[in-house]
Amino acid sequence: MTANLIDLFEEQARRRPDATAVVCGERSLSYRELDSRANRLAHLLAGSGARPGAFVGVCLPRSVDLPVALLAVLKTGAAYLPLDPGYPEERVAWMVRDADPVVVVGTSEVPGSGNPMILLDDPAVAARLADAPDGAPPVVRDPGDAAYMIYTSGSTGRPKGVVVAHANVMALFAAARDLFDFGQDDVWTLFHSYAFDFSVWELWGALLHGGTLVVVPVDTARSAPDFLRLLADQRVTVLNLTPSVFYELARADAEDQVTSGQLALRHVVFGGEALDLAKLEEWYERHDPGKPELVNMYGITETTVHVTHAALDHDRTAATGLVGRPLPGVRCHVLDEGLNLVPPGVVGELYVGGMGVGWGYWGRGGLTADRFVPDPFGGAGERLYRTGDLVRWGRWGLEYSGRMDDQVKIRGFRIELGEVESALARCPGVADAVVVAGTNGRGEPCLVGHVTPARSAGPVNPSRLGAAAREFVSQYLPAHMVPAVVMVSAEFPLSPTGKVDRRALPAPTFDASASRPRSPVEAVLCTLFADVLGIEEVGPDDGFFDLGGHSLVATGLVGRVRTALGVELGVGALFEAPTPAALARLIAGHTTEGEAHDVLLELRGHGSQPPLFCIHPSSGMSWSYAGLLHHLDPQMPLYGLQAPSLSGESDLPETIEELAADYLCRIRTVQPSGPYRLLGWSFGGLVAHAIAVQLEREGQEVALLAVLDVSPVAAETDGTQAEDLADDTLDEALAEEIGVAGLPEETIARINAAVGHSGRLRDRFTPGRFGGDLLLCTAGPNALADEWRPHIGGRITTHEIATTHLRMMRPSALTQLGPVLAAALAGKDQ
């Protein structure tokens, strides 16, 4: 073999000069344009010292200029060093110091490193490029030359550079020819960071076959619905994703059947982390077999992206850890500690040999010798890479069983826990640090940091130190290496041998603040944050990323906001405004007090179905009903009725019947005629019943009357309603329902007045009789159904909710109540 990657690319440029090579947003380049631009830049790089045996740093945002720069580096004979501009400056600076590239290609936004730089947005550079020859510089290139160096996490606290040759990458695609039918009509995405080795497969998969490479903008990559639309619009045929990203894309695919039906995908290749085959069940139910073909490919940076291949189908979703069989030209040995082959079904360490094994670690001779070992089953000079992965041979090939060391993979990135521990330990105020693999509220793998405070720090607030430690390491580590949470302990538990007992470390907790929502929109957002993060509650000032969120989960949150509030937001909005309060301000464009106290409160004003009207409890506030939004059909409008006194009206009704008549007039401004859907919690249940009685008297249909935990007669109450409580307990009740922190004193006074007025109306209320059915939800077991029987002519269906009266609208109760209401509103058996 004498050809290298550039030779194969230039052959495609000669064969298909006018075919589209690269697309990013509105910009595109043909193969002729891509080749010409790369040649011109290569001349400038060569003039700066780029040559075989040297490194050239590339620090560029995602654009058509990125593949131009990578090709230009290889045309000089040098190897490219990817420096993702999204990484912390300190980490990028360390890689530059370690690799010492002869020049760095970047833009004016890239911090100076001390190395020579070529800034593509510099007018002087643009002029030099225009004058440079558009033919390739005369360089003798060898397939054994280094093509790139990608840094991976290092156990010593510093990343380590893995050097891979042209021949390794070409052998990878030679092996792929026996398994795939890639060709010039294929459209590939460059979705991943070019500092992640999956990008090698994406970039060269397109350009070596004469296909089209679609560079995915960062904002689009963060939003599964936007990415799904890009796949359809660009007619992408080959998609390569980590499983974590695909799970979010699959959810978007399920929610947008129109766009899903427009996809042109032929192959979906998984890699980078363990695949949970059971999570593909729903995808297979929506898509015909083989359209697209799903493939799982295990691999390591040190062995050139991919090592194994497993074609998937619906019958294999029950398999555990399946990574498949070795690629042609790759040797996989499962060995014991004595480097002996183990029988099928027995777990051992995976050693990889053959065409993909790279050079080793840059400047780390000892580490290279330890991990790249002589192949006892091969010829002279052949090596095996010790992966540290535990596997066994199964029915369909290799099955992954875990790690031998502290290395983990998070969202496709390999992480040495020692590097994260080293960064945490450098945080001011921290004495010692330990990092373990854990799970967040959604059950997803995440990093959990544990620290002990330095004695010199004095009294320590654990939550503040934990937050400070996360903030500190984010300055030095990429986002995927920042712990989702940092726990603070006075000391670490020790094993009998005196080592830290990692299994005895406290379980991670993603604590929310004690503050409560200050507006209906904040209440909605707090509920949505908690739901997507898989935690009990979120306060308005809690940060999404501080509670364990990441960019993949952000996609789901933005989708929920769109459904609940009818607001179109990009994922970038969450990075700009990461708390419910900040996001509420961003949505409103101003502070959120405005219309929050209107009598008819619009919680969701859009939708094709008849609305649900919710009547306030004794506080007069309906904000808490916002928690119902993401439990109900997104096409169902939701309105709350609030006490007129909250908005300053002084002419107050003297009976519940008068209040019901007033509310009915306001309801009819939205829905002039039935069928009506009514719900009331506590005092609101009495008003909802009174409205139903009036509607029935007028000949109007009431499709749903739902009453939440209230007795129809005041004298028979069990004392759990807010209006029957003593003053000190009343304050607690209001805090449970809506929270009063941050509300103006005038508003708090009006709420207290509303509670008193509700109690007086209830004392003199005698319910009428409604001839329809009643859906009655109670806080635990009680006899409320018997009390309601004289006032209901139809069927009473009762559901017990495991909560207290005052917590009926809290997240844990809504997860029980929501499905009951959704079924009733859909006309299903309650």
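Select Phe191 first: its relative accessibility is 6%, so this residue counts as buried, the cut-off being under 20%. The model on screen is a predicted one. Now add Phe227, which is buried as well, with a relative accessible area of 2%.

**Aromatic pairs**

Keep those two residues selected and show their side chains. Across the whole structure, a search finds 19 aromatic pairs. In one of them, the ring centres of Phe191 and Phe227 are 4.8 Å apart and the planes meet at 45°, so the pair is classed as tilted. Phe191 sits in the loop between strand 9 (187-190) and helix 7 (198-207), while Phe227 belongs to helix 9 (residues 224-233); the pair therefore ties together parts 36 residues apart in sequence.

Next, select Trp94 and Tyr151. How are their two rings arranged? Their centres lie 6.2 Å apart and their planes are at 85°, so this pair is edge-to-face. Trp94 is part of helix 4 (residues 89-99) and Tyr151 part of strand 7 (residues 146-152), so the pair ties together parts that are 57 residues apart in sequence. Trp94 and Tyr151 are both buried.

Then select Phe173, Phe180, Phe182, Trp188 and Trp201, which ring pairs link into a cluster.

**Around His309**

Leave Phe180 selected and add His309, which lies in strand 14 (residues 308-311). Is His309 buried or exposed? Its relative accessibility is 13%, so His309 counts as buried. Setting aside neighbours within four places in sequence, His309 is in contact with several residues, including Leu179, Phe180, Met297 and Arg325.

Step back along the chain to Val305, in the loop between strand 13 and strand 14. Val305 is not a glycine, yet its phi is positive, about 70°. With 6% relative accessibility, Val305 counts as buried.

Further back, select Lys291 and Pro292. What kind of peptide bond joins them? The bond is cis, with omega about 0°. Pro292 is in the loop between helix 12 (281-286) and strand 13 (293-296).

**A pair of strands**

Select strand 16 (residues 330-335), where five of the six residues are buried. Now add strand 17 (residues 348-354): the two strands run antiparallel and are joined by six bridges. To see one partnership, pick His333, whose bridge partner in strand 17 is Tyr351.

**Domains**

Zoom out and colour the chain by domain. The division is domain 1 (5-328), domain 2 (407-488), domain 3 (520-588) and domain 4 (600-713 + 726-826). Taken over C-alpha atoms, the centres of domain 2 and domain 3 are 23 Å apart.

Zoom in again on Arg426 and Tyr476. What sits over the ring of Tyr476? The charged end of Arg426 does, 5.4 Å from the ring centre.

**Two last stops**

Select Gly674 and Pro675, which are joined by a cis peptide bond with omega about 5°. Pro675 is in the loop between helix 20 (656-668) and strand 30 (676-681).

Finish at Asp709, in the loop between strand 31 (702-708) and helix 22 (727-737). Its phi is positive, near 55°, in a residue other than glycine. The relative accessibility of Asp709 is 6%, so Asp709 counts as buried.

Note on methods
Residues numbered from 1 in each chain as written. Predicted model: local features only at pLDDT ≥ 70, side-chain atom pairs only at ≥ 80, totals over all residues. Heavy atoms only, no water. Domains from an automatic or database assignment. Phe/Tyr/Trp six-rings, centres within 6.5 Å; stacked < 30°, edge-to-face > 60°. Helix = DSSP H or I, 4+ residues; strand = E, 2+ residues; numbered from the N terminus. Buried < 20%, exposed > 50% of the residue type's maximum accessible area, 1.4 Å probe, protein only. Lys NZ or Arg CZ within 6 Å of the ring centre and 35° of its normal. Pairing = 2+ DSSP bridges. Contact = heavy atoms within 4.5 Å.
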